[in-house]
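Colleague: Could you talk me through this one? I'd like to know what stands behind the labels.

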Amino acid sequence: MRWFKLRDNQILLLILVLMGLLAVRLFSLTVIEGESWKNAAQAISIKSVYTSAPRGEILDRYGRLLAGNRPSFTVQFSKGNIEDEELNAQALEVLGVLEANGDSVNDNLPIIRGADGTYYYTYQKTIENWLVAQGMPKDFTAEEAFQEIRNRNEIDPGLDKYAAQTELQTVYSVYPPISVKKMKYLEDIDKESFLGRYYLEPTLTAAQAFVALRKEFAIDPSLSNIDARKIMVVRNELAAQGYMSYIPATISQDISAQTIVTLEERGSALNAVEVVAESVRYYPNGETAAHVLGYLGQISESEKEDYKKKGYSTSDMVGKDGVEKAFESILKGEDGIKNVEVNAFGDLVTVISDSGAKKGKDIYLTIDLEVQKTAQAALEEALAKIRTAGTFESKYGNYKYGKAYRNANVGAVVAIDVKTGDVIAMASCPAFDPNLFATGISSEDWKSLQSENPRDPLSPLPLFNVGARTAVQPGSTFKMVTATAALESGLDPQRKLLDGGAVKLGNRTYGCLLWNMYKRNHGYVDLYQAMEVSCNYYFYDLAANKDFATGKSLGLSEDMSIEKITSYAAQYGLGLPTGIEIPETVVSVPSQEKKMSAMKTYLKNVLIGRAEMYFDKKTISDKELLMKNIETIVNWTEENPGRKTIMERLAPLGVKTDMIETVCDLCKFSYFNQATWTLGDELNISIGQGENAYTPLQIANYVATIGNSGIRNQVTLLRAIEGSGSVEKEPGQKMDLKDYGILDDITEGMVRVANGSKGSARSVFANFPVTVAAKTGTAQRAGKVNPPDEIEYLKTNLSRINSSLNWEQVETEKDRLLHDYPDIYTTQSSAARQAVINLSRGKITSASIDAYKGNYDSFAWFVAMAPAEDPQIAVAILLFQGGSGPYAGPIAREVIGEYLGLDKTYSDYSLETVVTE
C-alpha cells in the first residue's frame with residue numbers, strides 16, 4: 001500500500017493499465033476483427049476529380065462574342081496506386097472503345113511504326129520534311145540549315161546568330177525551326193526531353209526506345225507491338241505530368257455519346273478512368289478575326305517544364321498565337337479539385353472537399369465585329385475579282401477591274417480609330433478557322449495550313465498575319481512623309497513645278513508612271529495636284545531640293561535631305577513598334593548604315609557563289625583561308641579604294657591572275673561605288689521605294705497620325721478586362737512640327753486623290769456620301785518567282801537555257817561541285833545552278849537561268865481616312881501582286897461605309913457595368 005501511495009507509482013500504474021487496454025484493442029482490431037476491417041477499407045477509396053477551368057471569353061468592343069466555350073466530355077486517366085498490369089489493361093480497353101466509336105486520341109508518343117514495319121521518331125520526320133520543303137539535304141545539321149537560310153536571305157555576315165535570327169523574323173518573316181542558342185533543331189530538343197523523361201540515351205534509335213518503353217511500362221510480352229503502342233500512348237501522357245502526376249492526364253476530348261455510355265457502364269472495372277465534363281474553346285465566327293484571336297495548342301515537349309512551374313497540366317491547351325497567347329495569363333482560369341470517397345463499385349460515398357473551377361477573366365477587344373466581317377469579306381472579294389478582271393459589286397457603286405492579276409491571292413486590311421489608336425479591324429487573306437485547333441489539330445488540317453511553295457516568300461500562308469507581320473515598300477503612300485519634310489523646309493504648297501517626265505542619272509531614268517508608259521508628263525503641278533495624280537517627278541524635286549526641269553535649287557532650307565525625310569517617317573511611327581499586343585514586324589527606316597551593310601552582304605554572297613571561277617584551287621581547298629580572303633575584300637567597301645589599288649591588293653588573296661580585273665571591276669563599280677547614299681537612293685526613298693519597308697499596321701497608324709493633328713497614338717487591341725474596367729492608355733506622342741497647319745495641306749492633297757477630277761481613286765468614291773482623304777500606292781516587287789523544285793525547273797528548261805547541254809552533263813558537274821566544295825555548294829540546287837554556269841563557260845549567268853521563271857506583279861497599296869474634315873477612321877490595305885493601288889480602293893470604301901454607318905444602339909451597352917460586375 002505504501003508503494004501505491006506514492007504519486008509517481010500511481011502515474012506509472014495508470015500508464016501500464018492504459019497500454020494494456022490499447023494492446024488488447026489493437027489485438028482485437030488486427031487479429032479478431034482484422035478481416036472485416038480489411039474488407040471495409042477496400043470498399044472505400046478516395047478519388048480526386050479535376051475540373052478544367054473555362055477560359056475567359058473574348059468579346060468585341062460592344063460585347064459580341066469572338067471566342068467562347070462550349071460544353072464537352074473528356075476522358076481522363078489517373079494512375080493512383082494501380083499496378084502496371086491493371087493500368088495497362090485499362091488503357092488498352094479504353095483506347096479500344098475510343099477507336100470503335102471514332103473518337104480521336106491525344107497521341108503524343110513520338111515513335112511511329114512505318115508501313116515497312118520499321119520504327120522512326122516523328123521528330124526526325126518533321127525535320128526531314130522541312131529540309132526537303134526548303135530544298136536542302138535531309139542530313140543538314142541545324143547549323144548548316146541556319147547558315148543556308150542566312151545566305152539565301154543575304155543576311156549580313158557580320159551579324160551574330162541572334163541578330164541574324166531577329167532579321168530573318170522581322171524583315172523576311174522567316175522562322176526556321178531551330179534553337180539559335182543551342183544551334184539545334186527544336187524537334188531534336190523535344191526528342192531529348194522525351195527520352196530524358198525515361199532516362200534513355202538520346203542516341204537510341206526509335207526501335208530501341210520502343211523496346212525500352214515496353215520494359216519501362218511492364219507491358220505483357222505476349223501483346224503485339226500495335227497493342228503495346230496503344231498502352232504507351234496512355235502511359236506517356238501520364239509520365240509527361242512529371243511531379244504533377246496527381247493530376248489526371250487527358251486522353252481524349254470531345255468524345256461521343258456512345259463512348260460516354262460505354263465507359264460509364266464499365267465504371268467499376270475502369271477505376272483509373274474518369275469521364276469529365278469540361279469546356280472546349282469555340283469561335284462562333286469561324287475565320288473572322290482569326291489572325292487577331294490566334295489559336296490554342298498543346299504544350300510542346302520543350303515548353304512543359306515552364307508551364308508546369310505556372311501550375312499547368314501538360315495536357316492543357318494554351319494560347320499559341322494572337323490574343324489567345326498575348327493574354328494567356330488573364331484568360332486562363334483556375335482548375336477545380338473535388339476529393340470524394342467512393343466504394344468498390346465507384347459509387348459516391350461522400351464529398352470530402354470541393355474547390356470549384358474558376359473561369360478565366362473575359363477581355364474586351366477594340367475590334368468591331370461587324371466592321372471586321374466587312375473587311376474580311378471585301379478583301380476576299382477584291383482578290384477574287386482582281387484575279388479574273390471581274391467586277392466588285394457594292395451598294396456604293398460597282399468597280400470594274402480592267403486587268404487580271406492571277407497571282408493576287410494574299411492581302412491585308414487594317415482599320416484604326418484615329419482619335420484613340422484602337423484597332424477596329426485587322427484582316428488577312430488567306431485566313432484559317434481557329435476551331436481546328438480547339439482540341440488539337442490533326443496532321444491533315446495542319447498540313448493544309450502550310451505554304452504550298454516554301455521557296456516563294458509570297459506564297460499564301462493561312463496562319464500568317466499579313467497585317468502586322470509583312471513589311472514591304474509602301475509605294476506612293478509614303479509621299480505624305482516627303483511632303484511633310486518639304487513643307488517644314490519652307491515649301492509653298494501652291495508653288496507649281498514642271499513635271500519634266502523623268503530624271504536621268506547615268507544610264508537609268510526615274511519617271512512617273514505616265515512617262516514610263518506613254519512618254520507623257522503632268523505639266524505644271526503644285527503639291528495638291530502632285531498628290532492627286534501621284535507625280536513622282538514632283539517629289540523627286542522635293543527630295544533633292546532641286547527643280548530638275550530647270551536645274552535650279554528649290555530654295556528650301558539647307559537641311560532638306562533624305563535624312564530629314566526619314567526622320568519625319570520615324571515621327572509618324574514608321575520603322576518603330578506600334579505598341580500592339582500581338583507580334584509585329586518592325587523594319588527601321590532607311591539609313592546609310594543599313595545600305596552599307598546590305599551591299600557588303602551582297603558582295604560576299606557573290607564572291608562565295610563564284611569562288612571556283614574567281615579563286616585558285618589552293619585558296620578554294622582551304623575554306624578558312626577562302627572566307628578570310630573574301631572577308632578582307634568585302635571590308636574594303638567603306639574605304640572604296642581606287643581601281644589600281646584594288647587590283648594590287650587582289651593578287652595576294654588567291655584571285656586567279658586572269659580574273660583580277662573582272663573581280664576588281666565587279667567590286668568597284670557594282671558594290672563599292674553603290675554602298676553609300678546616291679541621288680538615286682534619295683529619289684527612290686522619297687516615293688516609297690528603295691529601302692523602305694513597313695507593315696499595313698504601321699501605315700494605318702501613320703495615316704491616323706495625319707488625321708489626328710500630328711498626335712501618334714499607341715496602337716492597341718485591348719479595351720477592357722473583366723473586373724478591372726477599361727484599360728488606361730498613355731497619351732499620344734505629338735510630332736515635332738513648326739506648323740501643324742501643314743497637315744491640312746497634306747489632307748487636301750489626299751482629298752483630291754479620292755475626289756479630284758484626275759484623282760486615282762475618284763471612280764471608287766464617286767457616289768460615296770462622305771468625303772474621304774486617300775492615297776494610292778503601287779510598289780514594285782523585284783526578283784523571280786522560285787518554283788517549288790529548282791532541280792525540276794532546271795531539267796524542264798535546260799534546253800532553253802543552253803541547248804548544247806544535256807542533264808547528264810549537268811548532274812555530273814553538280815556531283816563534282818558537291819564533292820569538291822561541300823562548304824560552298826551546300827544544296828543540290830545551288831550546285832546544279834553553278835554546274836550550268838560552269839559548263840556554259842561564262843556565257844550563262846544566274847539571270848539567264850532564271851529567265852523562264854515568272855515575274856512578280858506589283859503590290860497594291862491604298863490608304864484612306866474619313867470623314868476628311870474630322871477623321872474618325874484610318875484604313876490601310878495591302879494586296880500582294882494586286883497590280884495597281886486603286887484596285888484596293890473598294891475594300892477601303894466598304895470598311896469606311898460600315899464603320900460610319902454602324903448601328904449606334906451598341907453605344908448604349910454599359911461596358912463599365914459588364915467588366916466590373
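Modeller: Sure, here is how the labels follow from the coordinates.
This is a predicted model, where local features need pLDDT of at least 70, side-chain atom pairs count only at pLDDT 80 or more, and totals for chains, interfaces and linings use all residues. Residues are numbered from 1 along each chain as its sequence is written, and side-chain values use heavy atoms, with hydrogens and water left out.

Colleague: What does the chain come to in secondary structure?

Modeller: It has 38 helices and 31 strands. Those are DSSP runs numbered from the N terminus: H or I of at least four residues for helices, E of at least two for strands. The C-alpha atoms fill a box of roughly 135 × 75 × 65 Å along the principal axes.

Colleague: How many of the 917 residues count as buried, and what makes a residue buried?

Modeller: Of the 917, 51% do. Buried means under 20% relative accessible area, exposed is over 50%, and partly exposed lies in between (1.4 Å probe, protein chains only).

Colleague: Why is H31 called largely enclosed?

Modeller: Because twelve of its twelve residues are buried. Among them are Pro-696, Gln-698, Asn-701 and Tyr-702.

Colleague: How do you know that the span of H31 agrees with a helix?

Modeller: The expected span is 1.5 Å times one less than the number of residues. For residues 696–707 that gives 16 Å, and the end C-alpha atoms are 17 Å apart, so the two agree. After H31 comes Ser-709, with a positive phi near 60°.

Colleague: And what makes H10 mostly covered?

Modeller: Eleven of its 15 residues are buried, including Arg-229, Lys-230, Arg-235 and Glu-237. Its span fits too: 21 Å expected for residues 225–239, against 20 Å between the end C-alpha atoms.

Colleague: Why is Val-17 called partly exposed?

Modeller: Its relative accessible area is 43%, so it falls between the buried and exposed cut-offs. Val-17 sits in helix H2 (residues 7–32).

Colleague: Which residues form the nonpolar patch with Val-17?

Modeller: Leu-12, Leu-13, Leu-14, Leu-16, Leu-18 and Leu-21 join it, with about 640 Å² of accessible area together. Patch residues have over 30% relative accessible area and no salt bridge; nonpolar side chains are joined within 5 Å, like charges within 9 Å. A salt bridge puts a side-chain nitrogen of Lys or Arg within 4 Å of a carboxyl oxygen of Asp or Glu.

Colleague: Which residues form the negative patch?

Modeller: Glu-83, Glu-85, Glu-86 and Asp-220. Asp and Glu count as negative. Glu-86, in helix H4 (residues 84–100), is partly exposed at 38%.

Technical notes. Accessible areas come from the Shrake-Rupley method with a 1.4 Å probe; for residues, only the protein chains shown count as cover. The place of a charge is taken as NZ of Lys, CZ of Arg, CG of Asp or CD of Glu.
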